[in-house]
Amino acid sequence: PSFPLLCFRSALVTPLIFGLLLQAPCTQPSTITQPNFVLLLADDLGIGDVGCYGNDTIRTPNIDGLAEEGVKLTQHIAAAPLCTPSRAAFLTGRYPLRSGMDAVNDYRVIFWNAGSGGLPPNETTFAKILQHQGYTTGLIGKWHLGVNCESRNDHCHHPLNHGFDYFYGMPFTLISDCEPTEPPEMDRAFRRKLWLSTQVIGLITLTAVLGRLTGLISVHWKTLTCLAGFSLLFFISWFSSYGFVRHWNCIMMRNHEITEQPMVTERTTSLILKESISFIERNKHKPFLLFLSFLHSHTPLLTTEKFLGKSKHGLYGDNVEEMDWMVGQVLDAIDKEGLKENTLVYFASDHGGWLERQEGERQLGGWNGIYKGGKAMGGWEGGIRVPGIFRWPGVLPAGKVIDEPTSLMDIYPTIVHLAGGTLPQDRVLDGRDLLPLLRGAAARSEHEFLFHYCGAHLHAVRWHRGHHGAVWKAHYVTPIFSPPGAGACYDRGFCPCFGEGVIHHDPPLLFELSQDPSEANPLSADTEPLFDTVIRRMGRAIEEHRRTLTPVPEQLSVSNVVWKPWLQPCCGTFPFCWCDKEHDN
């Protein structure tokens, strides 16, 4: 074409392009392409621990600021009331039962770095899809979804095998065993039984030997040798794992490399924050996903000296306030790099606060506000209703509050859509794209039903009746609180999912959550005219839901969760596993 014609076309096209660029993103969803994502997930944080959700004594100004500048969800629901299954659902957008990450037994989470269970390699996380869309993806902090399958270095469950380009943190979870000054937390009751059994067997062996030496008992030395050998083998069989929990489970990794074994807890917080900010700085010129999976506020509540004794709620409050400060530091890094307008920030907790976590008079677990129950309880709101906040200036409205039922599983389709990715078509996805709801383009949640599992056992169902506004919830199984009326299972430490520790309800307990969010007054056919209609509809929904489930290998079976020495990540030559590469550096 001639030069005048080119000039003419330029004169037409240039203002058009300029006009499109000036249009507000909240009015043109098509112009929103590949924002950055910063996902902030707290550990064991109760919904009642945050200022913008009603707490007026624990100071959380940075989290509260996210809500002021963005959208706050008041009915944000975890897919499970414990770490491992909830995080599996978060990353895959699917109920954990679909990936085998919920248990039919009492082992409801990953127990060892050296177990063989974990997030199956055939699951597609949102990180994996974003990788294909050109994103740099990073996970800093807690994983708790397994490490190896068949050998010490196959890393089949590792974050780098699930879509993350970079990992720094704990492949396991923070537990009190990681802090030498704290009493053990992991399998505490079972360990007491093992110690008692060892002492009884040892006493029997010693008595038999003394009896033989004094002539009071006629027994062959060969028999005594076998008995002594059995005593020793029994002790070694369990002490080789439980006696070294801190070395086996409390480790830090950078990608596939172990950097601390055991971890040096005094510097963990500063290193996680440093790594998070460094990831943002390194990737500021291209789309990135940062999943900051806090170790706060899980016991043993690692808190730096700067925050100790500063809150009105003891060590737990100090820990939450430090986490809020870390949130502020990450937000400052986003602002400093000029990324605020192009970054979607999300804050939530993996499940409710742990009510039973106490040491003497010290309350070391969280508070779930007006909601009944807590961590490990699959049905009651306190175990699964969590904070949920989104901020994206210029795209999401500021100060908006949404009372509709939403799920942590919804993050999956939401960010995949925003990144321009395609959802997997070969599996059932349970999450729903939240963007229309967050932006105000839709008034109602796409979730008609949400199913609340405790392990692999269905405990409750939530029915959102669309335009009627009612949110019904039926409990088919509830835990037996102890002592009665206490609101938790203080004698056990955790509420069970099945067996003698639960009650089956027929007809189920029914609540209307929009009128009774505390689940204090169960309805009946005598008090609620729609009782039978609601229960029948929920029954049909359960049948329809169960038809979508397909058998998969149980990742949390006993054989998968037990400690296997040949799978133990080791910095050195097993069993002499020790290193401190952070100090060396």
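## Exercises on a predicted model

In this predicted model, residues 35-420 have end C-alpha atoms 10 Å apart, and the span is 34% helix and 16% strand. That stretch carries a label in UniProt: an unreviewed entry annotates it as "domain: Sulfatase N-terminal". Let's work through some exercises.

### Exercise 1: two helices side by side

Work out how α8 and α9 are oriented to each other, and which residues make the contact.

*Step 1.* Find the helices: α8 is residues 268-282, and α9 is residues 314-336. Their axes lie 9 Å apart, at an angle of about 20°.

*Step 2.* Now compare that angle with the cut-off. Angles under 35 degrees count as roughly parallel, so α8 and α9 are roughly parallel to each other. As for handedness, the crossing of α8 past α9 is right-handed.

*Step 3.* List who touches whom. From α8 come Thr269, Ile272, Leu273, Ser276, Ile277, Ile280 and Glu281. From α9 come Glu322, Trp325, Met326, Gln329, Val330, Ala333, Ile334 and Lys336.

*Step 4.* Sort the residues of this α8 and α9 contact by class: nine are nonpolar, three polar and three charged.

### Exercise 2: another partner for α9

Decide how α2 is oriented to α9, then describe their contact.

*Step 1.* Take the geometry: α2 and α9 pack with their axes 7 Å apart and an angle of about 55°.

*Step 2.* Check the cut-offs again. Roughly parallel needs an angle under 35 degrees, and roughly perpendicular needs 65 to 115. An angle of about 55° fits neither range, so α2 is oblique to α9.

*Step 3.* Name the residues. On the α2 side you'll find Pro61, Asn62, Ile63 and Leu66; they meet Met323, Asp324, Trp325, Val327, Gly328 and Leu331 of α9. Sorted by class, the α2 and α9 contact has seven nonpolar, two polar and one charged residues.

*Step 4.* Look back at the α8 contact: Trp325 is on that list, and Trp325 also meets α2.

### Exercise 3: unusual backbone spots

Locate the cis peptide bonds at Ser297 and Pro483, then look at phi for Asp44 and Leu301.

*Step 1.* Begin with His296 and Ser297, which are joined by a cis peptide bond with omega about 0°. Ser297 sits in the loop between β7 (288-293) and α9.

*Step 2.* Go on to Ser482 and Pro483. Their peptide bond is cis too, with omega about -5°. You'll find Pro483 in the loop between β16 (471-479) and β17 (502-512).

*Step 3.* Turn to phi. Asp44 isn't glycine, yet its phi is positive, near 70°. This residue lies in the loop between β1 (36-42) and α2 (61-69). Leu301 has a positive phi as well, near 60°, and its place is the loop between β7 and α9.

*Step 4.* Buried or exposed? Buried means under 20% relative accessible area. Asp44 has 3%, so it is buried. Leu301 comes out at 3% relative accessibility, so Leu301 counts as buried.

### Exercise 4: annotated spans

Compare the UniProt "transmembrane region" spans with the model.

*Step 1.* Read the record: the unreviewed UniProt entry lists residues 194-213 and 219-245.

*Step 2.* Check residues 194-213. Here the chain is 100% helix and 0% strand, with end C-alpha atoms 29 Å apart.

*Step 3.* Do likewise for residues 219-245. That span is 85% helix and 0% strand, and its end C-alpha atoms lie 38 Å apart.

Conventions:
Residues numbered from 1 in each chain as written. Predicted model: local features only at pLDDT ≥ 70, side-chain atom pairs only at ≥ 80, totals over all residues. Heavy atoms only, no water. Axes fitted to C-alpha atoms, helices over the stretch in contact; angles between N-to-C directions. Helix = DSSP H or I, 4+ residues; strand = E, 2+ residues; numbered from the N terminus. Parallel < 35°, antiparallel > 145°, perpendicular 65-115°, else oblique. Left-handed = near helix turned anticlockwise from the far one by under 90°. Contact = heavy atoms within 4.5 Å. Nonpolar A, V, L, I, M, F, W, Y, C, P; charged D, E, K, R; others polar. UniProt positions renumbered as here; feature names shortened; annotations may be inferred. Buried < 20%, exposed > 50% of the residue type's maximum accessible area, 1.4 Å probe, protein only.
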